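The questions below ask how certain descriptions of a structure are justified. Each answer sets a value against the criterion that applies to it.

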Amino acid sequence: MSNELLTDLTQPQRDRLAFVELRVRFIGEIRRQDLVTRFGIQSAAATRDLALYKELAPGNIDYDSKGKSYVLGPDFRPVFDSPPDRVLSWLTLGFGDGEPVRLKAWIASETPSRLTQPDLDVLASVTRAIHQECPLAIEYHSITSGRTDREIVPFALLDNGSRWHVRAFDRKSQEFRDFVITRIRKPVVMKGAEVQSHERSDQDIQWTRIVELELVPHPDQPRPEITEMDYSMDSGVLRMKLRAATAGYILRQWCVDCSPDHSLRGHEYRLWLKDHLALYGVKNALLAPGYRSPEPLRREADSD
């Protein structure tokens, strides 16, 4: 699709065509009804949009008569510029579906930049496998094992605050694990391949288990009332419910002192985990600052 052809389109058309591309690239398919629901247009208009995208970007989408949907074409090449943060926001928060365009901000603002960003083609394969509930063949590079060929069954994206993981069943180790997306190479979506019942997300104990945590102002930090204000605490306590699979990441990101005797020092430790035993059995609890397990636990994602 040339820049001249894009220029001739109205902004609403560009938004809808960008949505078509996002859906197909990262979900693997789009139906006419998806456009109707998202933009409130008539079915005839949705049909014209799909035909226009197919005309302007030959090879990007094919019609699947069996599934009655448009699917990713074998010669797909992205047309719209989609920054990873915007794509991840769209995938995880469900808004910002339109074309990523640079608009003048209403007020000045700055947000921390990530040091790493996933490759969008790799991310697209991961998210298509998640949506289509099928395995993904990957070449994975880990600190402990180096390069390995694996088949994983992914089902969720996971943001640890500094980089993105995919939660998946690993057929090599026969367990559920977190895989750093930037360490994935040569992903191939195994569409139509069978997924066993024990490989599905409802069998992932760390994912389905919800841990209830009580965070309080750190006993060794001054002015606890300010901490209570900052975190909107109720009676001096911030109560949280987290998936066990995410708890260690979040506690580390928030610099929560998880030592039983609140022994960590430093201005960053404004919160203390009131009962460290609440993390018992959480595999990634060793990522939490100061946590000491009553029994050895294997460090999961960050060391892999």
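Q: What is the sign of phi at C255, the residue that follows α9?
A: The phi of C255, which comes after α9, is positive, near 55 degrees. The model discussed here is a predicted one. C255 is a residue other than glycine with a positive phi, and its place is in the loop between α9 and β11 (256–257).

Q: Why is C255 called partly exposed?
A: The relative accessibility of C255 is 24%. Buried would require under 20% and exposed over 50%, so C255 falls in between and counts as partly exposed.

Q: What makes α9 largely enclosed by the rest of the structure?
A: Of the 10 residues of α9, 7 are buried, and the helix is therefore largely enclosed. These buried residues are A244, A245, T246, A247, G248, Y249 and L251.

Q: How do you know that C258 is in no disulfide?
A: A disulfide needs a pair of cysteine sulfur atoms within 2.5 Å. The structure holds 0 disulfides. For C258, the nearest cysteine sulfur is that of C255, 10 Å away, so the criterion is not met.

Q: Why are C134 and C258 called buried?
A: The limit for buried is under 20% relative accessible area. C134 has a value of 2% and C258 has 0%, so both count as buried.

Q: Which residues does H276 touch, leaving aside those up to four places away in sequence?
A: H276 is in contact with C258, P260, Y291 and R292. H276 itself lies in the segment after β12 (271–273). Its C-alpha is 9.5 Å from that of E214, although 62 residues separate H276 and E214 in sequence.

Q: What makes β7 and β8 the edges of the sheet?
A: The open sheet has 5 strands in the order β7-β6-β5-β4-β8, with antiparallel pairing. β7 (175–180) and β8 (184–189) each have a single partner strand, so one side of each is left without a neighbour in the sheet. Neighbouring strands of this sheet are turned against each other by 45 degrees on average, direction ignored.

Q: How do you know that β4 is paired with β5?
A: Pairing calls for at least two bridges between two strands. Strand β4 (residues 136–142) and strand β5 (residues 146–159) are joined by 7 bridges, so they meet the criterion, and they run antiparallel. Within this pairing, A137 stands opposite E151 and L136 stands opposite I152. The two strands form a hairpin, with 3 residues between them.

Q: How do you know that β4 is also paired with β8?
A: There are 4 bridges between β4 and β8, against a requirement of at least two, so they count as a pair, in the antiparallel sense. One of the residues involved is L136, whose bridge partner in β8 is V189.

Q: What makes β4 mostly covered?
A: Buried residues account for 5 of the 7 in β4.

Q: Why is α2 called oblique to α3?
A: The axes of helix α2 (residues 11–27) and helix α3 (residues 32–39) come within 11 Å and cross at roughly 130 degrees. That angle is neither over 145 degrees, as roughly antiparallel would need, nor within 65 to 115 degrees, the range for roughly perpendicular, so α2 is oblique to α3. The crossing is right-handed. D15, R16, F19, V20 and R23 in α2 meet D34, L35, R38 and F39 in α3.

Q: Which residues of helix α5 are buried, and what covers them?
A: In helix α5 (residues 84–93), the buried residues are V87, L88, S89 and W90. Their cover includes α2, α6, β5 and β6. After α5 comes G94, with a positive phi near 80 degrees.

Q: Why is R223 called exposed?
A: The relative accessible area of R223 is 59%. Exposed means over 50%, so R223 qualifies. R223 lies in the loop between β9 (210–217) and α8 (224–230). Its phi is near 50 degrees, a positive value in a residue other than glycine.

Key:
Residues numbered from 1 in each chain as written. Predicted model: local features only at pLDDT ≥ 70, side-chain atom pairs only at ≥ 80, totals over all residues. Heavy atoms only, no water. Buried < 20%, exposed > 50% of the residue type's maximum accessible area, 1.4 Å probe, protein only. Axes fitted to C-alpha atoms, helices over the stretch in contact; angles between N-to-C directions. Contact = heavy atoms within 4.5 Å. Parallel < 35°, antiparallel > 145°, perpendicular 65-115°, else oblique. Left-handed = near helix turned anticlockwise from the far one by under 90°.
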